Amino acid sequence: MAFQPINFYQTGTFTVGNRLLPPETRSVQANMRRTNSLNSGHRACQGCGEALGARYAIDAAMNATDNQLVAANATGCLEVFSTPYPETSWQIPWIHSLFGNAAAVATGIAAALKAKNKTNVRVIAQGGDGATTDIGFGCLSGMFERNDDVLYICYDNEAYMNTGVQRSSATPPAARTATTMAVGEQPGNSFGQGKYLPAIAMAHGIPYVATATVAELHDLEYKVQRAMALRGARYIHIFVSCPLGWGHASNDSIRIARLAKETGLFPVFEAEHGEVVSVSRIRRRTPVEEYLKPQRRFAHLFSPVLKTDLIARIQAAADRNIRKFGLLAEAA
């Protein structure tokens with residue numbers, strides 16, 4: 001990656017003692033002057049990956065813009081748990097409109113700031129995968145096509161969690177949701193459906209596209225800060241798990257995110273103007289079973305009968321990602 005990697009020197013884990021590092025290498029979250037843009041008091045579920053992703057991303061954006069930031073938020077879990085009327089956990093100028101038009105609202109905010117010559121104030125739009133890959137897809141594509149000066153962040157928890165865990169176009173194959181039940185010869189979500197929005201964003205040729213997970217804080221913060229250093233349309237797709245909808249332990253959100261990367265199911269990379277410029281290598285290649293087993297949404301793949309054929313198809317998809325993006329260390 002383009003940033004200086006941190007040596008994980010503690011206890012053989014991936015943890016980093018940030019306050020033992022030089023100040024310039026610490027994360028934004030380790031800085032006592034962090035803005036806590038998504039503050040305490042919200043009503044997210046215990047272990048919510050989306051709450052972590054939003055806090056990390058927006059604090060990093062505030063740090064990069066000298067706290068000159070406006071956010072437009074799509075309908076969804078993030079909006080619902082952070083702003084139960086008449087309360088809010090947001091410590092920044094923040095606006096919520098409709099489920100499908102966060103990108104358009106952010107574009108309007110950016111245009112108004114430009115007209116008022118407030119070019120130092122930056123704009124972020126954010127939403128979950130339903131608002132991004134489905135309902136708001138047209139507005140988002142328009143934002144990309146016009147190259148509007150907005151950073152769009154998708155917190156991808158792979159279903160419509162706020163309304164009852166229904167399938168979205170980001171739901172992975174074989175996953176059980178309320179609308180893709182674990183029944184029949186092909187239980188769970190169908191193979192060969194949905195869309196991979198980072199690739200679609202790259203196809204628009206916009207200045208910057210990146211993926212990240214909440215398991216790699218320095219990488220996530222670096223990519224947000226890199227995006228805020230650029231002008232034009234930018235897109236960051238962040239992997240965030242949902243303990244309630246996925247059926248994993250609330251203390252496993254970071255482990256699940258790490259496994260998504262280490263299996264190759266979620267490639268972590270950067271792209272500029274449609275071309276991949278860097279990838280985050282897999283540290284320890286992991287079979288997909290280690291990612292699937294902790295999640296009840298995939299329990300039907302292992303019981304009452306082990307469905308080796310479906311697991312093999314998921315493994316094949318991970319292997320394709322590894323080859324396509326050159327995710328193994330030896331690929332360097």
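Tutor: Contact means heavy atoms within 4.5 Å. This is a predicted model, where local features need pLDDT of at least 70 and side-chain atom pairs count only at pLDDT 80 or more, while totals for chains, interfaces and linings use all residues. Residues are numbered from 1 along each chain as its sequence is written, and side-chain values use heavy atoms, with hydrogens and water left out.

Student: In what order do the strands of the open sheet run?
Tutor: Helices (H or I, at least four residues) and strands (E, at least two) are DSSP runs, numbered from the N terminus. Two strands pair if DSSP finds at least two bridges between them. The open sheet has eight strands and mixed pairing, and its order is β2-β1-β3-β4-β6-β5-β7-β8.

Student: Which strands stand at the edges?
Tutor: An edge strand here has a single partner, so one side is left without a neighbour in the sheet. That describes β2 (94–96) and β8 (275–279).

Student: What is the average twist from one strand to the next?
Tutor: Axes are lines fitted to C-alpha atoms, for helices over the stretch in contact, and angles run from 0 to 180 degrees between N-to-C directions. From one strand to the next, the twist averages 20 degrees.

Student: In β4, which residue is the bridge partner of G128?
Tutor: β3 and β4 (residues 151–156) pair in the parallel sense over five bridges. Along this pairing, G127 has C154 as its partner. For G128, the partner in β4 is Y155.

Student: Which residue of β3 is the bridge partner of N73?
Tutor: Strand β1 (residues 69–73) runs parallel to β3, joined by five bridges. N73 bridges to Q126.

Student: How many of the seven residues of β3 are buried?
Tutor: Buried means under 20% relative accessible area, exposed over 50%, partly exposed in between (1.4 Å probe, protein chains only). In a regular strand the side chains alternate between the two faces of the sheet. On one side of β3 R122, I124, Q126 and G128 are buried, and on the other V123, A125 and G127. The count for β3 (residues 122–128) is therefore seven of seven.

Student: At what angle does α1 run to β4?
Tutor: α1 lies across four strands: β1, β3, β4 and β6. Its direction relative to β4 is about 160 degrees.

Student: Which helix gives the largest share of the largest nonpolar core?
Tutor: A nonpolar core is a set of buried Ala, Val, Leu, Ile, Met, Phe, Trp, Tyr and Cys residues joined through side-chain atoms within 4.5 Å. The largest has 57 residues, and Y155, I238 and Y291 touch the most other members. Its largest share is eight residues, from helix α1 (residues 49–64).

Student: Which residues of β4 are among the contacts of I238?
Tutor: Neighbours within four places in sequence are left aside. Beyond β4, the contacts of I238 include A57, A212, T213, V214 and L220. β4 spans residues 151–156. Its members in the list are I153, C154, Y155 and D156.

Student: Is S37 buried or exposed?
Tutor: S37 is in the segment before α1. Beyond four places in sequence, S37 is in contact with I58, D59, M62, S89, W90, Q91 and I92. Its relative accessibility is 0%, so S37 counts as buried.

Student: How many aromatic pairs does the whole structure hold?
Tutor: Rings of Phe, Tyr and Trp (its six-membered ring) pair if their centres lie within 6.5 Å; planes under 30 degrees apart count as stacked, over 60 as edge-to-face and the rest as tilted. The number of pairs found is seven.

Student: What class of pair do W90 and W94 form?
Tutor: W90 is buried at 5% relative accessible area, while W94 is partly exposed at 22%. Their ring centres are 5.9 Å apart and their planes at 15 degrees, so the pair is stacked.

Student: What is the angle between the planes of F239 and W246?
Tutor: F239 and W246 are both buried. Their rings are edge-to-face, 5.5 Å centre to centre, and the planes meet at 70 degrees.

Student: Which residue has its charged end over the ring of W246?
Tutor: A charge sits over a ring if NZ of Lys or CZ of Arg is within 6 Å of the ring centre and within 35 degrees of the ring normal. K195 lies over F137 in this way, at 5.1 Å from the ring centre. Over W246, at 3.7 Å from the ring centre, sits R297.
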